[in-house]
Amino acid sequence: MIVLRSLWLFPGQGGQKAGMLKNVDSELKDQVEKWTKVKLLDTQEGYQDSVQIQLSILLLQIDQIEQLKKLHWQPTLVAGHSLGVFAAAYAAEVIEKKDLFRLVALRAKLMQQSYPEGYGMGVVVGLSRLEAKKLAEQVFTESDPVYLSNQNSELQNTFSGKITAIKKVLALAKDNGASKAKLLRVPNPSHSPLMKKAAEQLNQFIGQLKLHQPNCIYLANYNGHAVRNLKEVVFDLGNNLVYPVLWETMMQIALEYQPTVSCEFSPGSAFTKLLKAKTDQLHMVTLSQISIDDADYLFNKWEK
């Protein structure tokens with residue numbers, strides 16, 4: 001019998017869309033609204049707000065996790081991108097559900113309050129991380145800060161900082177042969193030292209929570225490593241906003257564990273596409289494209 005070794009992937013912001021919560025358990029949605037005191041709108045207008053986006057994506061992912069676990073599926077490895085680390089930690093049974101939503105509500109509000117305007121993120125495709133780093137260093141000033149942030153793939157990196165500085169980096173990137181260079185729909189300089197104060201407040205809140213050792217391998221954003229101890233998971237949750245997400249490294253290490261299937265939780269399918277470019281040795285499922293019942297059928301088929 002083939003043992004299903006599964007890699008569960010949790011995206012962050014970007015793939016949200018109106019109506020994505022229509023099939024979510026209504027009792028869970030009601031609980032989340034009660035815990036966070038936030039009415040989840042699930043509309044295009046609502047998803048202009050960072051708190052709505054983060055809580056709604058988390059709710060969607062937690063609902064899918066619970067459905068799969070009721071069918072007795074468990075991850076071997078979990079990997080979350082930015083906001084996705086919180087669903088990953090829940091899938092690894094590190095954090096209780098109520099605490100999870102309260103924590104992410106606080107995170108979203110801190111992010112929203114930190115830089116109300118003039119700051120954000122950009123992405124460049126086609127340059128190495130070293131080339132991208134040199135561009136940020138070339139542009140950076142104390143009054144116009146910009147930092148190299150997330151490493152989504154070998155040739156796809158993001159920048160965080162002041163919009164004026166990011167635009168200068170994007171122009172330089174195009175001049176240096178980048179195939180794509182654009183601003184992202186992210187209204188704050190996430191994954192950079194500019195988010196240090198928000199991270200400090202987040203860590204204070206996390207310090208009050210009752211947390212548990214992960215029951216599977218957790219891939220950490222801040223260093224890309226596979227960890228099994230609570231201390232490193234907690235560090236990743238609390239300091240996620242300050243450090244780049246080293247997704248490329250996370251996926252390289254994940255593949256060393258030889259999973260037989262990957263499962264990307266909603267919304268979106270970007271990380272499945274990135275994995276397909278790396279390997280043809282994995283069965284792949286994206287929950288934004290198939291139902292939980294279909295995923296269950298495929299998992300059972302692949303396990304036999």
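1. A residue is called exposed when its relative accessible area is over 50%, buried when that area is under 20%, and partly exposed in between. Lys39 has a relative accessible area of 55%, so Lys39 is exposed. The structure discussed in these points is a predicted model.

2. Lys39 has a charged partner. Its side chain meets that of Glu33 in a salt bridge, with 3.7 Å from N to O. Glu33 has a relative accessible area of 13%, and because this is under 20%, Glu33 counts as buried. The bridge thus has an exposed end at Lys39 and a buried end at Glu33. Lys29 also belongs here: Lys29, Glu33 and Lys39 are linked in a network of salt bridges.

3. How many salt bridges are there by this rule? The count comes to 7. Two further examples, in points 4 and 5, link parts of the chain that are separated in sequence.

4. Glu93 and Lys69 form a salt bridge in which the closest N and O atoms are 3.2 Å apart. Glu93 sits in the loop between helix 3 (84-91) and helix 4, while Lys69 belongs to helix 2 (residues 50-70), so the pair ties together parts that are 24 residues apart in sequence. Glu93 is partly exposed, at 40% relative accessibility. Lys69 is buried, at 18%.

5. Another salt bridge joins the side chains of Glu248 and Lys278, at 2.8 Å from N to O. This pair links distant parts of the chain, 30 residues apart: Glu248 is in helix 9 (residues 247-256), and Lys278 is in the loop between helix 10 (270-276) and strand 10. Is each partner buried or partly exposed? Glu248 is buried, with 8% relative accessibility, whereas Lys278 is partly exposed, with a relative accessible area of 34%.

6. Other lysines form a patch on the surface. Lys34, Lys37, Lys98 and Lys109 make up a positive surface patch. One of these residues, Lys98, is found in helix 4 (residues 97-114). Lys98 has 44% relative accessibility and therefore counts as partly exposed. Residues of a patch must have over 30% relative accessible area, so Lys98 at 44% meets that cut-off.

7. The next point concerns a pair of strands. Strand 4 (residues 146-153) is mostly covered, since 7 of its 8 residues are buried. Strand 4 runs antiparallel to strand 5 (residues 156-162), and 5 bridges join the two. Which residue in strand 5 is the bridge partner of Ser153? The partner is Gln156. Strand 4 and strand 5 form a hairpin, with 2 residues between them.

8. The model also has an open sheet of 6 strands, with mixed pairing and the order 8-7-2-1-9-10. Why is one side of strand 8 (226-227) and of strand 10 (283-286) left without a neighbour in the sheet? Both stand at the edges, and each has a single partner strand, so one side of each has no neighbour there.

9. At one edge of this sheet, strand 8 pairs with strand 7 (residues 217-219): the two run antiparallel and are joined by 2 bridges. Leu219 stands opposite Ala226 in strand 8. Strand 10, at an edge as well, is one of the elements that bound the loop holding Lys278.

Methods
Residues numbered from 1 in each chain as written. Predicted model: local features only at pLDDT ≥ 70, side-chain atom pairs only at ≥ 80, totals over all residues. Heavy atoms only, no water. Patch = residues over 30% accessible without salt bridge, like charges linked within 9 Å, V, L, I, M, F, W, Y side chains within 5 Å. Areas by Shrake-Rupley, 256 points an atom, 1.4 Å probe, with all protein chains shown as cover. Salt bridge = Lys/Arg side-chain N within 4 Å of Asp/Glu carboxyl O. Lys, Arg positive; Asp, Glu negative; His and termini not counted. Charge placed at Lys NZ, Arg CZ, Asp CG, Glu CD. Buried < 20%, exposed > 50% of the residue type's maximum accessible area, 1.4 Å probe, protein only. Pairing = 2+ DSSP bridges.
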